[in-house]
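Hi,

Here is the structure I said I would pass on. Have a look at it first, and then read my notes underneath.

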Amino acid sequence: MQKKKSTLPFKGTDEQKKKLDAVIDANKHDKSRLMAVMQEAQEIYGYLPIEVQEMIAEGMDVPLEKVYGVATFYAQFSLAPKGKYNISVCMGTACYVKGSQTLLDALTEKLGIGIDECTPDGKFSLTACRCIGACGLGPVLTVNDEVYGKLTADDIDGILAKYQD
């Protein structure tokens, strides 16, 4: 599954940039620390937009292609921001055969976003994962740390309603 780049504009703050600059300064002497710097950058920004990748590449004196390659290779990195409520639909075998694709389709339609995207208001983001280990409850989705199981597409409205602030 290819990661998508964010369609939302980058909104980094001066404070975030200062934090990232400090992380880069502490590690720029050792290019083997690239992944650690990227992990800390994601902690600071919540994701790794191209603007942050460029800061890391320049600061660590490594090609942007290398930073991007690491960001897209490892599942721990996200190129798109996460919403206040991150919805993750399990697409593991047990959930898939029990109908998780219909849940994913319903969510993309209702939220107006695709996989690895965030709603323009920053409230919801949508991801698909391989297996969350709740196969007996399939199909399963999570909203942040809350697990919902034995779902149908008809359950989606009720779940989303719980997160309308």
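Below is what I found, going through one helix, the aromatic rings, the cysteines and two polar residues.

First, a caveat: this is a predicted model, so please read everything here in that light.

**Helix α2**

I started with α2, which runs over residues 34-45 and has 12 residues. From the first C-alpha to the last it reaches 16 Å, close to the 16 Å expected at 1.5 Å a residue. Its buried residues are Leu34, Ala36, Val37, Met38, Ala41, Gln42, Ile44 and Tyr45. What do they pack against? The partners are three other helices: α1 (14-27), α3 (50-60) and α4 (64-73). Right after α2 comes glycine 46, with a positive phi near 90°.

**Aromatic rings**

There are 4 aromatic pairs in the structure. One of them brings us back to α2: the ring centres of phenylalanine 10 and tyrosine 45 are 5.7 Å apart, and because their planes sit at 40°, the pair is tilted. Phenylalanine 10 belongs to the segment before α1 and tyrosine 45 to helix α2, so this pair links distant parts of the chain, 35 residues apart. Are the two partners buried or exposed? Phenylalanine 10 counts as partly exposed at 27% relative accessibility, while tyrosine 45 is buried at 10%.

Another pair is made by tyrosine 85 and phenylalanine 124, with ring centres 5.8 Å apart and planes at 40°, so this one is tilted too. Tyrosine 85 is in strand β1 (residues 85-90) and phenylalanine 124 is in strand β3 (residues 124-129), so the pair ties together parts that are 39 residues apart in sequence. Both of these residues are buried. They also belong to an aromatic cluster, which Tyr85 and Phe124 form with Tyr163.

**Cysteines**

If you are setting up bonds, the disulfide count is 0. Why is cysteine 135 not bonded to cysteine 131? The two sulfurs are 4.0 Å apart, and a disulfide needs them within 2.5 Å, so the distance is too far for a bond. For cysteine 131, the sulfur of cysteine 135 is the nearest cysteine sulfur. Both side chains fall in the middle accessibility class: cysteine 131 is partly exposed, with a relative accessible area of 49%, and cysteine 135 is partly exposed at 36%.

**Asparagine 86**

Strand β1 also holds asparagine 86. With a relative accessible area of 19%, and the limit for buried being under 20%, asparagine 86 counts as buried. Its side chain makes a polar contact of 2.7 Å with the side chain of serine 125. Leaving out residues up to four places away in sequence, asparagine 86 touches Ser125, Leu126, Thr127, Thr142, Val143 and Asn144.

**Threonine 72**

Last one: threonine 72 sits in helix α4, one of the helices that the buried residues of α2 pack against. Threonine 72 is partly exposed, with a relative accessible area of 29%. A polar atom of its side chain lies 3.3 Å from the backbone oxygen of glycine 69. If you want a distance to check in your viewer, threonine 72 and lysine 28 are 21 Å apart, C-alpha to C-alpha, and 44 residues apart in sequence.

That's the lot from me.

Cheers

Methods. Residues are numbered from 1 along each chain as its sequence is written. This is a predicted model: local features need pLDDT of at least 70, side-chain atom pairs count only at pLDDT 80 or more; totals for chains, interfaces and linings use all residues. Side-chain values use heavy atoms; hydrogens and water are left out. Helices (H or I, at least four residues) and strands (E, at least two) are DSSP runs, numbered from the N terminus. The expected span of a helix is 1.5 Å times one less than its number of residues. Buried means under 20% relative accessible area, exposed over 50%, partly exposed in between (1.4 Å probe, protein chains only). Contact means heavy atoms within 4.5 Å. Rings of Phe, Tyr and Trp (its six-membered ring) pair if their centres lie within 6.5 Å; planes under 30 degrees apart count as stacked, over 60 as edge-to-face and the rest as tilted. A polar contact is a pair of N or O atoms within 3.5 Å; within protein, one must be able to donate a hydrogen and the other to accept it, and residues adjacent in sequence count only if both atoms are side-chain atoms.
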